[in-house]
Amino acid sequence: MGDFVKNRVSVVTPVYNGEKHLHRLLESVLAQSWEDVEMILSDDGSRDGTLAAARAFRDRFRRRGYALRIVTGEHRNASAAINRALPLATGEYLIWPDSDDELHPSSIRRRADFLTANPQYQCVRSLGRYLGPDGGPCPPQENMTDWAGEELFFPVLTGQSFVCCGCYMLRCEAFFAIYPRRQIPEYDVGQNFQMLLPFLYRHRCPTIPEALYTVHVSPDSHSRRPLTEGEEEKKYADFEDLVDELAALCPVESPGERRRIALWKMDRRYALALRHNQRGRGAAALVWLLVHGGMEPGRAAREAAKLACGPRVRRLWRRLREGGKKRA
């Protein structure tokens, strides 16, 4: 295991302006039934009372027998914050929950016990549940119904399976074999693809069919704020650049797998063009998808009609269809 401490779980979390919600995660870490936990909190240049809120937990972590390390840096993004924390991880296992979410009291134990009992696996994940601003259940933000498969690289990439970061647990030794410098690629689009995709390309990941992680959906969350058209285009382009870098790291070499990544890109480009009524770009994406087998001719014809009609006609058509269903 090298320098990794057997049975220790490293909890690495980036936080930015989390004064109001950070206590929820830290309380849930303190409530874990696993004995050896280190919490590494990386503040990304917060401008509120986040650091004071985190430091207020130091005595409680000490009494619990858990380590609490707090690292700071100038405001950049979540992946940069993760990179400040990764060099400090000493555990056998690694998780990285979001700062505004919480772990079920047996979340760490259930996953660590699974990996201990199943050394053939390098990672495992659980299911999650979603709560709205009022504390009541709300629909999942990702697909958590189709979880039986273990080959997750493409399902996670394409959104057919969930990214939900706090659900995953990885073996540190296998993770840092991918990132020996303990640094993931830094992009403004988050950290989860970097943490997961190269790992899932190399390793199977089973699912414990229990909701061991809670996502708190808040309209005030930085990741959920509405984007302008220009911001959304940049986000899509950044994701494509990131996936290209991760594909080279994996490395994705087979023509079939490269084609699947290209189809993922073009499908997203078409969806973006349709949303912003960019007919020229949408038509180019449709033609590419049709020629390269990413869309069957009948669907391509229907999508071309939607693109030509424009958003007003599409909205009217949806209202008419919904009205017809209600009358039926």
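1. Two strands count as paired if DSSP finds at least two bridges between them. Strands of a sheet pair through backbone hydrogen bonds, either parallel or antiparallel. The structure discussed here is a predicted model. In it, eight strands form an open sheet with mixed pairing, in the order β3-β2-β1-β4-β7-β6-β8-β5. The edge strands are β3 and β5 (102-103), and each of them pairs on one side only.

2. Helix α1 packs on this sheet, where it touches β1, β2, β5 and β8 (207-216). The direction of α1 makes about 165° with that of β2. Together, β1, helix α1 (residues 22-30) and β2 make up a β-α-β unit, and the unit is right-handed.

3. Strand β2 has a partner on each side. Strand β1 (residues 5-15) runs parallel to β2, and seven bridges join the two. Strand β3 (residues 67-72) also pairs with β2 in the parallel sense, over six bridges. Met39 is a useful residue to follow across the sheet: its bridge partner in β3 is Leu68, while Val11 has Met39 as its bridge partner in β2. Next to it in sequence, Glu38 has Ala67 as its bridge partner in β3.

4. Is β2 enclosed by the rest of the structure, or open? A residue is buried when its relative accessible area is under 20%. Seven of the seven residues of strand β2 (residues 37-43) are buried, so the strand is largely enclosed by the rest of the structure. Both faces are covered: one side carries Val37, Met39, Leu41 and Asp43, and the other carries Glu38, Ile40 and Ser42.

5. Ser10 lies in strand β1. Its relative accessibility is 0%, so Ser10 counts as buried. Setting aside neighbours within four places in sequence, Ser10 is in contact with Glu38, Ala89, Thr90, Gly91, Tyr93, Leu94 and Ile95. Glu38, one of these contacts, belongs to the β2 face that also holds Ile40 and Ser42.

6. Which residues of helix α5 (residues 107-117) are buried? They are Ser107, Ile108, Arg111, Ala112 and Leu115. Seen down the axis of α5, these residues fall within an arc of 105°, so they line one face of the helix.

7. Helix α8 (residues 192-202) is mostly covered, with nine of its 11 residues buried. The buried residues are Asn192, Phe193, Gln194, Met195, Leu196, Leu197, Pro198, Phe199 and Leu200.

8. Helix α8 packs against helix α9 (residues 229-249) at an angle of about 35°, and the two axes are 10 Å apart. Their crossing is right-handed. On the α8 side, the residues that meet α9 are Phe193, Gln194, Leu197, Pro198 and Arg202. On the α9 side, they are Phe239, Leu242, Val243, Leu246 and Leu249. Among the α8 residues at this contact, Phe193, Gln194, Leu197 and Pro198 are also listed as buried.

9. Glu303 sits in helix α12 (residues 297-309). Is Glu303 buried or exposed? Its relative accessible area is 9%, so Glu303 is buried. Apart from residues up to four places away in sequence, Glu303 touches Tyr270, Leu274, Leu286 and Met295.

How values were computed
Residues are numbered from 1 along each chain as its sequence is written. This is a predicted model: local features need pLDDT of at least 70, side-chain atom pairs count only at pLDDT 80 or more; totals for chains, interfaces and linings use all residues. Side-chain values use heavy atoms; hydrogens and water are left out. Buried means under 20% relative accessible area, exposed over 50%, partly exposed in between (1.4 Å probe, protein chains only). Helices (H or I, at least four residues) and strands (E, at least two) are DSSP runs, numbered from the N terminus. The arc is that of the directions from the helix axis to the C-beta atoms. Contact means heavy atoms within 4.5 Å. A crossover is right-handed if, with the strands pointing away from the viewer, the path from the first strand over the helix to the second runs clockwise. Axes are lines fitted to C-alpha atoms, for helices over the stretch in contact, and angles run from 0 to 180 degrees between N-to-C directions. A crossing is left-handed if the near helix is turned anticlockwise from the far one by less than a right angle, and right-handed if clockwise.
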